[in-house]
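The following exercises practise the reading of a protein model, from strand pairing to single side chains. Each task is followed by a solution in steps.

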Amino acid sequence: MINDLGKIIKSCQEGIAWAVDILRRGGLVAFPTETVYGLGADAGNLQAVHRIFAVKNRPVNHPLIVHLAEPAALDRWAREIPDVAWRLAQRFWPGPLTLILKRRPEALDIVTGGQDTVGLRCPAHPVALTLLQAFDGALAAPSANRFGRLSPTCAADVVVELGNSIECILDGGECVIGIESTILDLSGSGGSAARVLRPGAITALHLSEILGEIPKGPTVGSPRAPGGRAGHYAPRSPLLLVEDGCFDDVVQLYLNAGATVAVLARRPPRVNQTGVLWKVMPTDPVSYARILYAQLREVDVVSPQRILVESLPSSHEWDAIRDRLRRASVGSVNRSLNLNP
Ligand code: TXA
Ligand code: MG
């Protein structure tokens, strides 16, 4: 059942039972969701949840998403639930949507970051759902990476990120969505001021089907605007988003300067760009998101001096990918090239 990487467990019946036992004893279990792998702990166990923060090196004021086995569990965690929350849950759960609602007092402060709200989501991955049902409780789970890094989208990525620090990793293959859930804040009065705090595969347009209007983004300066602050979801190598119009010129500039460059673009390299580690990305946003983190991890392994990413279309379906790449690029522009003279 346990493979040679030591901690990876197949998600068969015995594997799930093993993971549930670990969770009941206050341990940590990484598990697959349809978005990215999560690092789960019993949401009602203070020590267990504390360990999540220690293992990830995450500041304790960053609240965690509580994962539920079914929409009906919403009111065990939230209060004053607006109608629209139930309708969104009915339409999009299980699925990649996190709802921020007013919390019940029973929710632990360590889970909510001491705020009056709680983030809730019912994941669509069959392994996550089977685990939640077998555990018969809720799991607090951030993405299973060290704080600020790329989220893992397969079990082997979790080993790289956290392998030494956690009890087990349930293997559910590669995540089909590949980027984190959409976070929608419904904790404003009457549920009327719905705001997307983090874009995801469920776009503002999808949400508007239920909300009746396109939701706005986070208020500027909101201290807890999730998805974290800018500078999240970052590879180690500096990443630059480069406008289409000058992409070839910028690649050439770096090559002329003798820099090692990796590229993510939605087209193959031209003849004079063959020396570049070039990843041809899909032209549709769903496939692009699915492989984005895996591709970034792959190029990051060779530590290029720059990862150059071709900028993306401005339509809603690309919102989440633009958001992650923008965050990944923060702080990169001014990083020195350190070229040999
Ligand atoms: O797809 C996902 O959402 C994945 C999988 C594992 O479910 N989880 C995930 O968790 O991305 P994490 O912790 O890496 O990102 C969750 C974000 C954090 O930035 C956190 O600040 C925000 O959600 N969040 C959680 N509860 C919140 C709350 N009550 N109010 C505002 N933001 C909240
Ligand atoms: Mg995360």
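**Exercise 1. Strand 8 and its partners**

Which residue in strand 8 is the bridge partner of A30? Place this pair within its sheet.

*Solution.* The model under study is a predicted one.

Step 1. The bridge partner of A30 is I169. The pair belongs to the parallel pairing of strand 2 (residues 29–31) with strand 8, which rests on 2 bridges.

Step 2. I169 is also the bridge partner of I8. Here strand 1 (residues 8–10) runs parallel to strand 8 (residues 168–171), and 3 bridges join them.

Step 3. Both pairings fit the strand order of an open sheet of 10 strands, 1-8-2-3-7-4-6-5-9-10. Its edge strands, each pairing on one side only, are strand 1 and strand 10 (195–198).

Step 4. The pairing in this sheet is mixed. An antiparallel example is given by strand 4 (residues 65–67) and strand 7 (residues 139–140), joined by 2 bridges; there H67 stands opposite L139.

Step 5. Helix 7 (residues 155–162) lies across strand 1, strand 2, strand 3 (38–42) and strand 8. The angle between helix 7 and strand 8 is about 165 degrees.

**Exercise 2. The surroundings of helix 2**

Which residues of helix 2 are buried, and against which elements do they pack?

*Solution.* Step 1. In helix 2 (residues 46–56), the buried residues are A48, V49, I52, F53, V55 and K56.

Step 2. A general rule helps in reading such a list: an α-helix has 3.6 residues a turn, so residues three or four places apart point the same way.

Step 3. The buried residues pack against strand 3, helix 5 (109–112), strand 7 and helix 7.

Step 4. Consider the two ends. At the start of helix 2, a side-chain oxygen of N45 comes within 3.1 Å of the backbone nitrogen of Q47. Just after the helix, N57 has a positive phi of about 60 degrees.

**Exercise 3. The cysteines**

Why does C175 form no bond with the cysteine whose sulfur is closest?

*Solution.* Step 1. A disulfide requires two cysteine sulfur atoms within 2.5 Å.

Step 2. The closest cysteine sulfur to that of C175 is in C154, 7.9 Å away, and therefore too far for a bond.

Step 3. The search of the whole structure finds 0 disulfides. C168 is likewise in no disulfide, its nearest cysteine sulfur, that of C12, being 11 Å away.

Step 4. C168 counts as buried because its relative accessibility is 1%. C175 counts as buried at 3%.

**Exercise 4. The setting of T182**

Is T182 buried or exposed, and which backbone atom lies 3.1 Å from its side chain?

*Solution.* Step 1. T182 lies in strand 9 (residues 182–185).

Step 2. Its relative accessible area is 0%, so T182 is buried.

Step 3. A polar atom of the T182 side chain lies 3.1 Å from the backbone nitrogen of G200.

Step 4. Beyond its neighbours within four places in sequence, T182 is in contact with several residues, among them P96, L97, T98, R198, P199 and L207.

**Exercise 5. The sheet of 4 strands**

In what order do the strands of the open sheet of 4 strands lie?

*Solution.* Step 1. The order is 11-14-12-13, and the pairing is parallel. Strand 11 (239–242) and strand 13 (277–280) are the edge strands.

Step 2. Strand 12 (residues 261–265) pairs with strand 13 over 4 bridges, and A262 has L277 as its bridge partner.

Step 3. Helix 11 (residues 319–329) lies across strand 11 and strand 14 (306–310), at about 130 degrees to strand 11.

Terms used. Residues numbered from 1 in each chain as written. Chains lettered and ligands numbered in written order. Predicted model: local features only at pLDDT ≥ 70, side-chain atom pairs only at ≥ 80, totals over all residues. Heavy atoms only, no water. Buried < 20%, exposed > 50% of the residue type's maximum accessible area, 1.4 Å probe, protein only. Polar contact = N/O pair within 3.5 Å; in protein donor to acceptor, adjacent residues only side chain to side chain. Contact = heavy atoms within 4.5 Å. Pairing = 2+ DSSP bridges. Axes fitted to C-alpha atoms, helices over the stretch in contact; angles between N-to-C directions.
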